[in-house]
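Subject: Handover of a structure

Dear colleague,

Please find below the structure that I am passing on to you. My notes on what was found in it follow directly after.

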Amino acid sequence: MILAIILVILIGVPAVILATPALRRSLVTPHIFALFKRILPAMSDTERDALEAGTTWWDADLFSGRPDWNKFLKLPRPTLTAEEQSFLDHEVRHLCELVDDWEATQVWQGLPAPAWQYARDKGFLGMIIPKQYGGKAFSAYMHSQVVMQLSTRCSALAVQVMVPNSLGPAELLLHYGTEEQKNYYLPRLAAGTEIPCFALTSPYAGSDAAAIPDTGVVCMGRFEGRETLGLRITWNKRYITLGPIATLLGLAFRVVDPDGLLPAGSSTGITCALIPATHPGVVIGRRHWPLNAVFQNGPTSGDDVFIPMEWIIGGPGQIGKGWRMLMECLAAGRAISLPSASVGTAKLAVRGTSAYCAIRRQFKTSIGKFEGVQEALARMGGNLYMMDAARKLSALAVDLGEKPAVVSAIAKYHVTERGRAVVNDGMDILGGKGICMGPSNFLARAYQQIPIAITVEGANILTRCLIIFGQGAIRSHPYVLKEMRATANGDHRKALHDFDAAFFGHMRFVCANAARGLWYGLTGGATAPVPEQAAGDMAAYYRAIGRLSTAFALMTDVSMFVLGGELKRRERISARLGDALSQMYLISATLKRYEDDGRQQADAPYVHWSVRDALHKAQLALDGVLENFPNRPAAVLARLLVFPFGLPYAPPSDELGSAVANAMQTAGAGRERLLADGFLADDLRDPVACGELAFNLLPQVEAIEHRLKPAVRAGQLDAMPQSLPEMERWTTQAAAKGLVTPEERRALSDFARFTDLSVRVDDFPPDLNAAADADKRWRMAAQEAAVEA
């Protein structure tokens with residue numbers, strides 16, 4: 001009896017208190033609330049702006065531990081309008097035809113003038129601007145398609161079109177500009193008569209852009225002959241894309257008001273303004289040279305440059321609100337620009353390399369049949385399929401009205417990193433051809449320039465370690481932001497009420513995830529939800545994400561409870577948690593793409609390879625958290641809950657890798673879907689075009705070779721050679737003996753010629769500079785003659 005009374009006191013009384021909101025809020029919640037306020041890490045205004053900017057989307061479902069697959073798969077498939085498709089088929093293709101990447105980098109050190117003028121005339125710089133201002137009003141998906149296709153032709157072309165349609169004057173004007181600013185500048189930007197750039201990065205404030213030292217002092221000054229209130233700005237910026245040719249400078253700086261000239265109550269801080277490049281004191285025009293890329297990029301500076309208040313984007317009322325403006329607009333550009341460019345580069349690499357593997361022979365065997373090459377090819381194909389899926393899904397989010405801060409960071413980081421892996425694998429396969437510069441090398445410039453995508457729009461190290469999970473853990477978690485907002489509420493009674501609801505909801509959430517995580521761990525996730533329309537062989541992947549989502553949600557809460565504010569500084573732990581979240585997002589995108597494309601069986605090897613690779617990486621990320629968790633009892637308990645029998649997901653098998661490599665080397669609809677919407681030149685000077693022509697003839701050539709094997713064995717005919725001169729003699733010999741028809745002889749001859757052009761490696765005179773100068777003079781003369789004609 002005494003024991004029963006003790007148990008009632010120890011268990012029953014606390015249970016009654018916790019189950020009764022009024023008692024709980026008076027006896028328990030105030031103490032937890034006070035503790036929470038003490039351990040909550042300090043947050044700057046800029047950090048708060050970053051957290052509150054943008055929206056949550058599918059990332060919130062993945063944080064929940066119970067992703068709603070039926071809702072997810074009902075999202076529309078990204079599509080183009082008839083107008084957008086026509087623009088892609090005609091204007092975009094023609095712009096690609098006007099540019100050659102070798103000539104742009106080696107001869108012109110920039111875009112040829114006719115191509116740049118065509119881009120301006122045809123509205124490429126105004127794709128995001130509404131039609132009422134003369135723009136194209138294209139969707140985010142169309143914007144992504146354009147950047148991707150241009151990137152399969154020339155990186156400088158893609159970047160110079162991409163930047164005016166990403167974070168910059170046009171987007172900031174659309175969201176925050178005054179009517180006068182919109183009516184004046186947007187038509188000029190859409191028509192290409194104004195070339196914009198946006199100057200944010202300073203020498204001592206790169207990734208930490210919120211710490212920009214550039215200052216605008218509120219003061220009186222003379223402008224257009226009259227005394228007016230304005231700002232005297234001093235700035236020093238670098239890495240500004242389009243800066244050297246810009247006519248309109250968007251500038252971010254920090255406003256100070258030492259003399260109190262602004263109205264009482266006005267805020268100061270980071271502010272954005274538009275300054276004509278010809279304005280007195282603006283220094284602009286010099287260029288950086290980023291890893292042999294020739295898109296226009298350079299520094300700008302100014303010393304005590306006076307501007308009127310009317311040049312602030314949105315007018316004087318937007319002083320001090322620049323950082324929030326930038327954060328709110330950043331998500332769309334980050335979700336589209338560099339992911340699209342990286343996919344375009346990867347499509348170029350995969351098209352050229354897969355064809356090369358199929359037609360290039362060593363030891364009388366296509367190199368694409370060697371297992372070592374197939375291993376690299378499988379990574380290229382699987383990564384590209386997933387990259388393109390993530391690109392499409394992220395653009396769709398923007399088109400649905402989201403400002404997906406976490407999703408855009410995932411897309412930027414992981415698509416550019418996988419793009420780097422694709423290019424590196426392509427270079428390994430090409431070997432000697434890949435390391436010799438020249439117009440016959442389709443991959444060397446991409447190899448040189450891929451670190452640019454890794455570095456800009458948020459360096460990848462920063463994005464991985466601080467943004468994906470650091471922002472996602474607060475924004476996408478169902479309770480954390482509610483708890484933080486409650487602690488910041490000045491109304492103590494309401495703060496306690498809101499905190500109580502959020503905190504104990506959070507506790508129920510943790511307990512549910514712990515129970516579900518253990519159940520999934522014991523059953524292998526067999527009971528995890530599967531969408532109604534899931535294909536049979538894909539159902540296991542939906543269950544796997546359900547299991548990983550639960551494990552991730554539980555480990556997120558364990559990390560936050562154990563580490564508290566210290567988690568902000570434990571970057572390797574937060575980075576690994578971000579990796580797990582990212583891999584789940586990439587898998588989601590891949591599965592949706594497979595459904596959107598009609599479950600094409602030819603695409604199944606790409607899906608299986610990429611999903612299994614991502615599952616393996618996700619579990620390794622969570623395992624890395626557990627291995628390095630500072631609280632060992634908590635790590636042991638979490639491991640027992642989520643991985644009771646060890647890590648469940650194996651990497652892709654060798655057999656699956658061979659299936660992907662073979663699919664990439666097989667002409668047909670499956671390969672075309674993988675490479676869809678990339679540019680392919682109709683020009684025998686283009687090595688990728690030559691490789692594709694030879695690749696398309698390969699089935700016919702292999703059939704002829706197979707038919708002639710008895711003649712070879714009988715000594716009537718030599719074995720089919722590899723080099724062009726030998727092939728010409730061989731086909732002549734075979735034709736003379738009546739072993740091939742004229743059509744077959746032509747096919748064999750064309751195959752040998754196209755293959756020879758595809759595998760060619762360029763050589764130059766000893767004096768490379770003299771040769772380049774002579775080539776440039778010749779091309780300029782030819783261009784002038786063409787213009788006169």
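**An enclosed helix**

Helix H11, residues 155-162, is largely enclosed by the rest of the structure, because 7 of its 8 residues are buried. Those buried residues are Ala-156, Leu-157, Ala-158, Val-159, Gln-160, Val-161 and Met-162. The cover over them includes helix H7 (82-97), helix H9 (113-121), helix H10 (140-151), strand S3 (226-241) and H14.

**Confidence in the model**

Please bear in mind that this is a predicted model. The mean pLDDT of the protein chain is 89, and 91% of its residues reach 70 or more. Residues 3-13 should be read with this in mind: pLDDT stays under 50 there, and the model has 3 contacts beyond four places in sequence for that stretch.

**Cavities**

The structure contains 3 cavities of 30 Å³ or more. The largest cavity holds about 60 Å³ of space. Its lining is made up of Thr-152, Lys-347, Leu-348, Arg-351, Leu-675, Gly-678, Phe-679 and Val-688. Sorted by class, these are 4 nonpolar, 2 polar and 2 charged residues. Helix H14, which spans residues 322-359, gives the most to this lining, with 3 residues.

**The second largest pocket**

Which element supplies the largest share of the lining of the second largest pocket? That share, 6 residues, comes from H14, the helix that also gives the most to the lining of the largest cavity. The pocket has a volume of about 400 Å³. The elements that give two or more residues to its lining are H10, helix H12 (169-176), H14 and H15. In total, 22 residues line this pocket, and Ile-128, Glu-171, His-175, Ala-332 and Val-398 lie nearest its centre. By class, the lining divides into 10 nonpolar, 7 polar and 5 charged residues.

**Two buried residues in helices**

Asn-383 is placed in helix H15, residues 371-399. Is Asn-383 buried or exposed? Its relative accessible area is 5%, under the 20% cut-off, so Asn-383 counts as buried. Apart from residues up to four places away in sequence, Asn-383 touches Arg-418, Ala-421, Val-422, Trp-609 and Asp-613.

Ser-582 is found in helix H23, residues 571-596. With a relative accessible area of 0%, Ser-582 is buried. Once its neighbours within four places in sequence are set aside, Ser-582 is in contact with Ile-410, His-414 and Ile-468. Ser-582 and Gln-448, by comparison, are 134 residues apart in sequence and 26 Å apart in space, C-alpha to C-alpha.

**Thr-234 in strand S3**

Strand S3, one of the elements that cover the buried residues of H11, holds Thr-234. Thr-234 is partly exposed, with a relative accessible area of 32%. Which residues does Thr-234 touch, not counting residues up to four places away in sequence? They are Asp-214, Thr-215, Gly-302, Asp-303 and Asp-304. For Gly-302, the separation from Thr-234 is 68 residues in sequence and 5.2 Å in space, C-alpha to C-alpha. For Asp-304, the backbone nitrogen lies 3.0 Å from a polar atom of the side chain of Thr-234.

**Two loop residues with positive phi**

Most residues other than glycine have a negative phi. Two residues are noted here against that background.

Arg-599 is not a glycine, yet has a positive phi of about 50°. Arg-599 lies in the loop between H23 and helix H24 (604-628). The relative accessible area of Arg-599 is 32%, which makes this residue partly exposed.

Asp-677 likewise is not a glycine and has a positive phi, of about 70°. The loop between helix H27 (669-674) and helix H28 (687-713) is where Asp-677 is found. Asp-677 is partly exposed, with a relative accessible area of 31%.

**In brief**

For a first look, I would suggest helix H11, with 7 of its 8 residues buried. The second largest pocket, lined by 22 residues, could follow. Residues 3-13 are best viewed alongside their pLDDT, which stays under 50.

With kind regards

Note on methods. Residues are numbered from 1 along each chain as its sequence is written. This is a predicted model: local features need pLDDT of at least 70, side-chain atom pairs count only at pLDDT 80 or more; totals for chains, interfaces and linings use all residues. Side-chain values use heavy atoms; hydrogens and water are left out. On a 1 Å grid over the protein atoms alone, a cavity is a set of points where a 1.4 Å probe fits but cannot get out, and a pocket is an open set with protein on both sides within 12 Å along at least five of seven lines; lining residues have an atom within 4 Å of a point. Grid points are joined across faces, edges and corners, and a volume is the space filled by probe spheres set on the points. Helices (H or I, at least four residues) and strands (E, at least two) are DSSP runs, numbered from the N terminus. Ala, Val, Leu, Ile, Met, Phe, Trp, Tyr, Cys and Pro count as nonpolar, Asp, Glu, Lys and Arg as charged, and the others, Gly among them, as polar. Buried means under 20% relative accessible area, exposed over 50%, partly exposed in between (1.4 Å probe, protein chains only). Contact means heavy atoms within 4.5 Å. pLDDT is the predictor's confidence in each residue, from 0 to 100. A polar contact is a pair of N or O atoms within 3.5 Å; within protein, one must be able to donate a hydrogen and the other to accept it, and residues adjacent in sequence count only if both atoms are side-chain atoms.
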